[in-house]
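Q: Could you take me through one part of this model closely, namely the contact surfaces of its chains?

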Amino acid sequence: MEALALLQDVFDILLGFGLLWLAWLALFSLDLFRSIVSFISFGLLMAIIWVRLDAPDVALAEAAIGAGLTGALFLAAFAKLQPASVNGKGSSINPQKQSSRKQLLRWLPALIMLWIASGLTIAILALPPHATGLTSEVTSNLTASGVSNPVTAVLLNFRGYDTLLEIVVLLLALLAVWSIGSSVPSIESEPGPVLDTLSRLLVPILIMVSAYLLWVGAHAPGGAFQAGAVLGAAGVLLVLSGWKLYPGLEGFPLRLVLTAGSITFVVIAILTMLVSGTFMQFPPAQASILILILEMVATLSIGVTLAALFIGSPPTDIKKL
Amino acid sequence: MLTEYVSAVLLVAGAIFYLAGTIGLLRFPDVYTRLHALTKADNLGLGLIVIGLSLQASSFAAAGKLFLIWLLVLLAGASVSHLVARAALHKGVHLWKR
Amino acid sequence: MQTLYFALALFLLLNLFAGMWRILKGPTAADRMLAAQLFGTTSVGVLLLLAQASANTVLHDVALVFSLLAALTSVAFVRRAWLSKE
């Protein structure tokens with residue numbers, strides 16, 4: 001028994017130091033590509049750490065987003081940086097030539113960040129030193145939530161607005177990427193038979209696992225974000241093997257799917273407010289079905305948003321070029 | 001009891017193949033040879049671990065999931081090594097010569 | 001048996017750390033990417049052993065997601081990042 005405890009301690013300590021080292025490599029490598037690879041490995045190690053911390057829900061999300069999608073996103077961004085650094089040498093703005101007004105505009109966000117940071121510091125210092133947490137309250141209200149997985153209950157029922165805001169943040173990120181994204185006309189080579197077969201085999205399995213994670217989220221670790229990330233991975237794989245969205249779907253239908261998650265969330269929130277009087281207060285009898293609808297639409301929106309982030313520019317733009 | 005011993009032997013054998021893969025990754029001279037470490041040694045190591053663990057699985061479904069994981073890793077390893085090797089050749093990474 | 005699972009998981013973790021040397025050294029971008037791919041395979045092994053040690057089958061789902069997405073970053077690397085580099 002003693003040997004087991006010792007092994008566990010050594011395992012955990014090594015994990016912790018390994019994570020710190022990879023974080024160091026990711027932040028301070030001079031080679032940008034090395035930073036990216038370090039960050040991908042950081043995500044893998046982080047997922048194992050979440051497992052050791054007994055948080056399989058977070059481990060699932062980290063495995064899907066941290067180890068899979070962010071790596072692909074970073075590599076796509078890295079690819080877009082390469083031509084810019086060659087062509088953009090002459091056109092880069094000289095910092096000395098910037099007007100003082102622009103300098104002032106730079107200080108404004110810095111001040112806002114400082115304000116938020118100090119507010120957070122004060123909030124943390126004001127916390128009671130021995131908090132009991134909300135575990136007992138969650139477990140005692142679990143029967144009214146419509147699901148039996150406490151994490152899903154918190155994310156979609158008790159603190160549903162958190163999840164709503166997260167979906168909106170993802171959408172905002174896509175808007176930002178679309179507005180600054182210069183669509184580099186990429187010279188796509190043929191995917192070749194191996195990649196073609198890989199995507200044909202893997203995409204259906206990805207979609208199936210996404211549905212499985214969504215379904216299992218009601219009573220075990222899983223849920224909309226994990227399922228959405230796996231769905232997004234399917235989209236990224238399709239894009240990488242040369243798949244294109246059908247032209248008729250590029251405009252309004254795509255935007256509708258992208259926003260469907262947030263819209264459904266808000267509509268259900270307002271409806272529940274009309275019925276029960278409180279914003280996002282699900283009636284216990286209908287909570288289960290409402291959560292299921294929300295999760296399904298949210299999964300679709302999250303998946304499509306992540307895949308769209310990977311493409312990096314609105315699909316109609318590419319056509320204009 | 002016997003299954004436990006067999007399972008333990010398989011698990012240790014799997015770990016040894018992982019070690020071989022790591023040594024390969026560190027010691028082989030170029031990209032093409034290092035691909036072997038990834039696609040052969042490590043995938044075999046995982047396979048042995050999967051077999052060892054599925055001997056103790058509680059149900060056929062649980063064992064099936066373990067094998068599915070192995071198949072997916074095999075698929076990923078094989079495709080990725082092909083893609084990387086082809087891209088490396090395309091970019092003119094030199095083959096190692098003695 | 002539990003001690004064996006943890007000992008082997010620790011052993012695989014040490015393998016993983018040895019692989020970090022390849023991320024540091026390179027020399028080509030493909031070598032670094034390969035090291036990350038190896039990290040993925042090793043982590044799947046670690047997760048399966050941890051799942052058995054703690055008798056927690058949920059970890060199989062985490063390993064499943066790992067194995068599903070293992071190819072994604074490398075494919076993105078080959079198709080996007082590497083061809084445009086240098």
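A: Happy to! Two residues are in contact if their C-beta atoms, placed from the backbone, lie within 7 Å. In chain A, 73% of the contacts with a separation of 6 or more are between residues 24 or more positions apart. Please keep in mind that this is a predicted model, where local features need pLDDT of at least 70, side-chain atom pairs count only at pLDDT 80 or more, and totals for chains, interfaces and linings use all residues. Residues are numbered from 1 along each chain as its sequence is written, while chains are lettered from A and ligands numbered from 1 in the order in which they are written.

Chain A has twelve helices and zero strands, counted as DSSP runs (H or I, at least four residues, for helices; E, at least two, for strands) numbered from the N terminus.

Now to the surface where chain A meets chain C: 48 residues come from chain A and 39 residues from chain C. On the chain A side, two or more residues each come from α1 (2-28), α2 (32-52), α3 (56-87), α8 (192-216) and α9 (224-240) of chain A. Of these, α3(A) gives the most, with 15 residues. By class, this side of chain A holds 39 nonpolar, eight polar and one charged; Ala, Val, Leu, Ile, Met, Phe, Trp, Tyr, Cys and Pro count as nonpolar, Asp, Glu, Lys and Arg as charged, and the others, Gly among them, as polar.

Chain C also touches chain B, with 38 residues from chain C and 35 residues from chain B. There, α2(C) gives the most to the chain C side, with 14 residues.
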